[in-house]
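Some labels used for a structure rest on a number and a cut-off. The questions below ask how each label is reached.

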Amino acid sequence: NQQGTVRKEYIIAASGLLCIFVAQTCAKPSHQPVQRSEKGICANRMSPSNDPNCPQVVDRATLLEELAGDEELLKEIVGLFLESGPGQLQGVRDAVAAGDASALSRNAHTLKGALAQLHADTAAAAAREVEEPARHGQMAAAVAAVPKLELEFTAVQRELEGLLKGA
């Protein structure tokens, strides 16, 4: 530790994803979701872009800043998400198949929290687009938003897998 800097360890159970965040006391709070342009999904969703209409899939820089630059901790958290995330998405699919709005809302909320912790803002927003109508019993609207969530989740998953491979 540098003189005058205090390190704190935070254990954050965010929507089923247990993350240990080691952060500086002055770490910035969470972020605002990135808004999509009206152009929709970017043509090349899997690679970073300087196009402002094509936001990052995962804001790695902000996430790493929150982890006090700890690359190993970043990889550990990414690994946890890659283990638990597909099951969380399957919970969304299962709730759709069962026609269970309450379970759909819960599962989308869980996935939203995990995605938000990774600063995967667009994917977290897609999960919210499933969660909100499901919470109000509006299954048709919630189900209609699931394909976008699946697309965004896949983009996050691929980016994180690349991060673990050292890409």
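Q: What makes the crossing of α4 and α5 left-handed or right-handed, and which is it here?
A: In this predicted model, the crossing of α4 and α5 is left-handed. The term applies when the near helix is turned anticlockwise from the far one by less than a right angle.

Q: What is the class of the residues in the contact of α4 with α5?
A: That contact has 12 nonpolar, one polar and three charged residues. On the α4 side, the residues include Thr122, Ala123, Glu129 and Val130. In α5 they meet residues including Ala141, Lys148, Leu149 and Glu152.

Q: Why are α4 and α5 called roughly antiparallel to each other?
A: Two packed helices are described by the angle between their axes and the distance between the axes. For α4 and α5 the angle is about 160° and the axes are 8 Å apart. Angles over 145 degrees count as roughly antiparallel, so α4 and α5 get that label.

Q: How do you know that α4 reaches close to its expected span?
A: Helix α4 covers residues 121-135, which is 15 residues. At 1.5 Å a residue, 21 Å is expected, and α4 reaches 20 Å from its first C-alpha to its last.

Q: Why is α4 described as largely enclosed by the rest of the structure?
A: Buried means under 20% relative accessible area. Of the 15 residues of α4, 11 are buried, so the description follows. Among them are Asp121, Ala124, Glu131 and Pro133. The buried residues of α4 pack against α3 (101-117) and α5 (139-164).

Q: Is His119 buried or exposed, and how do you know?
A: His119 lies in the loop between α3 and α4. Its relative accessible area is 3%, and the cut-off for buried is under 20%, so His119 is buried.

Q: What makes the phi of His119 worth pointing out?
A: Most residues other than glycine have a negative phi. His119 is not a glycine, yet its phi is positive, about 60°. Ala68 also has a positive phi, about 55°, without being a glycine. After α4 comes Gly137, with a positive phi near 75°.

Q: Why is Ala68 called partly exposed?
A: Ala68 sits in the loop between α1 (60-66) and α2 (71-98). Its relative accessible area is 30%. Partly exposed is what lies between under 20% and over 50%, so Ala68 belongs there.

Q: Why does Gly166 count as exposed?
A: Gly166 is in the segment after α5. Its relative accessibility is 60%, and exposed means over 50%, so Gly166 counts as exposed.

Notes
Residues numbered from 1 in each chain as written. Predicted model: local features only at pLDDT ≥ 70, side-chain atom pairs only at ≥ 80, totals over all residues. Heavy atoms only, no water. Helix = DSSP H or I, 4+ residues; strand = E, 2+ residues; numbered from the N terminus. Expected span 1.5 Å × (residues − 1). Buried < 20%, exposed > 50% of the residue type's maximum accessible area, 1.4 Å probe, protein only. Contact = heavy atoms within 4.5 Å. Axes fitted to C-alpha atoms, helices over the stretch in contact; angles between N-to-C directions. Parallel < 35°, antiparallel > 145°, perpendicular 65-115°, else oblique. Nonpolar A, V, L, I, M, F, W, Y, C, P; charged D, E, K, R; others polar.
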